[in-house]
Structures are given as structure tokens and as C-alpha cells.
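Load the model in your viewer and follow the selections below in order. Each stop says what to pick and what is found there.

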Amino acid sequence: MNTPNAESTTLQPPAGKPFRKTGDPVELTSESPLHPRRKSRRIMVGPVPVGGGAPISVQSMTNTLTANVGATLQQIAELTAAGCDIVRVAVPSQDDADALPEIVRKSPIPVIADIHFQSKYVFQAIDAGCAAVRVNPGNIRKFDQVGPDICKAATDAGISLRIGVNAGSLDKDLYAKYGGPTPEALVASALKEARMFEDVGFHDFKISVKHHDVITMVQTYRLLASKGDWPLHLGVTEAGPAWQGTIKSCLAFGALLAEGIGDTIRVSLSAPPVEEVKVGCKLLEYMGLRPRKFDIISCPSCGRAQVDVIQLASAVTEGLKNITAPIRVAVMGCIVNGPGEAREADLGVASGNGKGQIFIKGKVVKTVPEDQIVDTLLTIANDIAAQMEADGKVPAGSTGPVVVPIQHPNR
């Protein structure tokens, strides 16, 4: 399987030098094992390249009051630890705008200011050193007048912009013309906004065309991708609670990424932002667009299982939640064919009849009583992880485990 030739999309600037200006070429690229990546222009969000074949970056947005600098920086630190590449902060008030310089200065990852309605905050965000600004021309007052000035300020500062179309803020004329927020209407709106920028010679921007419906969202991005080479930010807006939003995002992103469409993503969940990052990172990992990190595979419970597989998998997951080494641990409930079905795992257990067969790379190495399974797995897993860390085999930005059910063919 093809994997990116770099373990993290976050680049550090040379000592004593500022971050690259937007659009500067960098060698960092990533291919998909499923489909050639769509050719798009490259922009920079601080040190993170977006588009032009760069590794797909994961974004999230803080849900703290931006003016509360301490709380916002704490959440940014948590997002960074989870694998977030780029963070967006809301700027709905003057107090939020005033907090940007300190947040930008202390944030370990690039900060994007999210701005609606008030164009003055756009200029403040640029002056504060934000890596990019998200603007919505559809709701910025008098954008036709201030747009060129925004583009000039961004050009002078060497930062990029993101323009976005959401079904909820679609231009009224386009809504009437197309009979609602159809893919054609959303793309027409995006093209209109893109031309506003390009007509004044500004090209360092990415586009998002979000919709809450998976099918509409996929159709919209497919259509937009055929119209130009802008880097695309993928998102399913208002995706819903964690379980529902995860399913929607995985379906939509998976369909588009499998076609090579998409340069940066945000999984939007009604859940803590860290959960968005975890889902996004693992989605890219399982699509072969990021190096494999630590995960747990487990079989679903069935009539053959003689142990509580759900409880066992949960206990192992909890016990290894802080492991970041790229190992795969299998928790199987069937002692008959568990090792064979999970032979690709670095470590695993096949349980039944009051005992567990511990195996490494499909080979049984010991059998232990059922009440010793979890402790035995945790001990061996930690030993393997420690050795990998000592050997320098733990990727930067590694995250914790996600349980992946394995469906048996005869169930």
C-alpha cells in the first residue's frame, strides 16, 4: 500500500526565519493507494501545505470562547496532541479579535480565524499573524467593496484565505434559480466567490462547499472539482452527534478521497473537538493516506464466543489508550480460528473455554487463564511499544486506539 513519504504534515520553519509564504513550493507529497490525487494548486496555511498533492491535513475548530485565551490555548494543545494539523477559532466579537495575537503566538499549530459579517475582524486577524482567514463573501457586509482590500492585505501578509459555501447561507437569487441548495446552486455560488478573488489577482485560497446531506455533498464536490484546480476543504456541515456525524463524514469523505478529491478535512461533530480529530486522523489512516498508527481489531460477539468480547475489547482499549506506537492488537472471541483471522496483528488473543491463547504475528506463544488475559496483553503490548520507541519507529503525531470490528465471513 502506498503511504505518504512524510509522517506529519506540520513543517517547522528554519531557525530564525518566518514560516513559508503562501504558495511557496515544497516537496512534501502524498499519493492515494485507491486513485490518483486530483491535481490542485498548492497554498500554505502557515507551515502546512494544502493542495498540490500535499498530505491531507486534519482540521478542527475550538468551541471555547476565543477571548478566553487560556481555555482556547488549552484546547488547541489537546487538539494538537490528538493529531490536529490546523485549528480554526471563532471571531464574532471585538474581544475575540483582540485575543488573536496571543493565541497565534502561543499556538503550536497554524490558527485560522473564522469570520462572518464584520470585515474589520478580517484585517485584525491578518495583522495578528493568523495563518489564514475563513471568510464567507455571502455574509460579509459590502464584500464587493472590501474584497479587493482583503485580498491585498492577505497578499502583503503572505497568508491564504478560505471561502466557503453552506446550504444555509446560499445566495437568495441562486436559491430561487436552482430551486434550493442543489449541487449546481452551491457550485455556482462557489464559482462566483472564486471569481471575486481571481478578478483582483488573488489565487491563494481554498474552497469548501458543505452540505448536511451525504449524497448532495459528494455530488457538489465532484462538480466543483471538475471546474478548476482550487484546493478543496472537505466537510459535512451539521453532521450531527458523534455516532451519526462519524458515519456521515466517513461515507462522504471516503467516497471523495477514493476518487482523489480533497486536500484538507474537518469532521464536524456535535462532540468535543478532540473527537473530530481522532475520527479524521483514523479515517485518513484507514484510507492509506497516513501511515498506520496504533489500532485495535476485535471481532463482534457471536454464539461461538465463550467470553464477553465487548468487555474484553473495552478493557484492552482502556489499558492501552496512551500507547502511540504503530502496533495492531487483536482481541478475538473465538479460540478456533482467531489467530488465523488476525494473523496480521502484532499481538492478539483468541479467547474461549476459560482461557486465552496469546499470539504474536499469528503464532501462539502462550496460553493464560481468562482472568489474566488483559494483564498479559497489556504487558506485552507495552514492551513492544517501548522497543519501537527505542528504535525510533513511532511516527510524529501518533494517536491512541480505535476499535475496528472484524466481520467473520460465516456470520
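Select Cys 299 first. In this predicted model, Cys 299 has a relative accessible area of 4% and is therefore buried, the limit for that class being under 20%. Cys 299 sits in the loop that runs between strand S11 (295-298) and helix H10 (309-319). Add Cys 302, which is placed in the loop between S11 and H10. Cys 302 has a relative accessible area of 25% and is partly exposed. To complete the set, extend the selection to Cys 334 and Glu 341: an unreviewed UniProt entry lists Cys 299, Cys 302, Cys 334 and Glu 341 under "binding site".

**H10 and H12**

Keep H10 on screen and add helix H12 (residues 373-390). The axes of H10 and H12 cross at roughly 35 degrees and come within 10 Å. The crossing of H10 with H12 is right-handed. To show the contact, select Leu 312, Ala 315, Val 316 and Gly 319 on H10, then Ile 373, Val 374, Leu 377 and Leu 378 on H12. Which classes of residue make up the contact of H10 with H12? Seven are nonpolar, one is polar and none is charged.

**Leu 284 and Leu 289**

Next, go to helix H9 (273-286) and pick Leu 284, which lies in H9. Leu 284 is buried, at a relative accessible area of 0%. Leaving aside residues up to four places away in sequence, show what Leu 284 touches: Ile 56, Val 58, Leu 257, Ile 265, Leu 289 and Arg 290. A distance label between the C-alpha atoms of Leu 284 and Leu 257 should read 8.8 Å, for a pair 27 residues apart in sequence.

From there, move to Leu 289, one of the residues touched by Leu 284. Leu 289 is in the loop between H9 and S11. Is Leu 289 buried or exposed? With a relative accessibility of 1%, Leu 289 counts as buried. Now label the C-alpha distance from Leu 289 to Pro 33: the two atoms are 7.8 Å apart, although 256 residues separate them along the chain.

**H7 and H8**

Select helix H7 (residues 214-225) and helix H8 (residues 242-257). The H7 and H8 axes cross at roughly 25 degrees and come within 10 Å. Angles under 35 degrees count as roughly parallel, and H7 and H8 are therefore roughly parallel to each other. Their crossing is right-handed.

For the side chains involved, show Val 214, Met 217, Val 218, Tyr 221 and Arg 222 in H7 against Lys 248, Leu 251, Ala 252, Phe 253, Ala 255 and Leu 256 in H8. By class, this contact of H7 with H8 holds nine nonpolar and two charged residues, with no polar ones.

Stay on H7 and select Thr 216, which lies in this helix. Thr 216 has a relative accessible area of 14% and is buried. Beyond residues up to four places away in sequence, Thr 216 touches Pro 181, Pro 183 and His 211.

**H1 and H2**

Go back along the chain to helix H1 (residues 69-82) and helix H2 (residues 94-106), which pack with their axes 10 Å apart at an angle of about 30 degrees. That angle makes H1 roughly parallel to H2. The crossing of H1 and H2 is right-handed. On the H1 side, select Val 69, Thr 72, Leu 73 and Ile 76; they meet Ala 99, Glu 102, Ile 103 and Lys 106 of H2. The residues of this contact of H1 with H2 comprise five nonpolar, one polar and two charged.

**Lys 361**

Select Lys 361, in the loop between strand S14 (355-360) and strand S15 (363-369). Lys 361 has a positive phi of about 55 degrees, yet is not a glycine. With a relative accessible area of 52%, Lys 361 is exposed.

**The whole chain**

Finally, clear the selection and view the whole protein. How many helices and strands does the secondary structure contain? There are twelve helices and 16 strands. Color by accessibility: of the 411 residues, 54% are buried. Of the contacts between residues at least 6 apart in sequence, 65% join residues at least 24 apart.

Conventions: Residues are numbered from 1 along each chain as its sequence is written. This is a predicted model: local features need pLDDT of at least 70, side-chain atom pairs count only at pLDDT 80 or more; totals for chains, interfaces and linings use all residues. Side-chain values use heavy atoms; hydrogens and water are left out. Axes are lines fitted to C-alpha atoms, for helices over the stretch in contact, and angles run from 0 to 180 degrees between N-to-C directions. Helices (H or I, at least four residues) and strands (E, at least two) are DSSP runs, numbered from the N terminus. Angles under 35 degrees count as roughly parallel, over 145 as roughly antiparallel, 65 to 115 as roughly perpendicular and the rest as oblique. A crossing is left-handed if the near helix is turned anticlockwise from the far one by less than a right angle, and right-handed if clockwise. Contact means heavy atoms within 4.5 Å. Ala, Val, Leu, Ile, Met, Phe, Trp, Tyr, Cys and Pro count as nonpolar, Asp, Glu, Lys and Arg as charged, and the others, Gly among them, as polar. Buried means under 20% relative accessible area, exposed over 50%, partly exposed in between (1.4 Å probe, protein chains only). UniProt positions are given in the numbering used here, feature names are shortened, and annotations may be inferred rather than shown by experiment.
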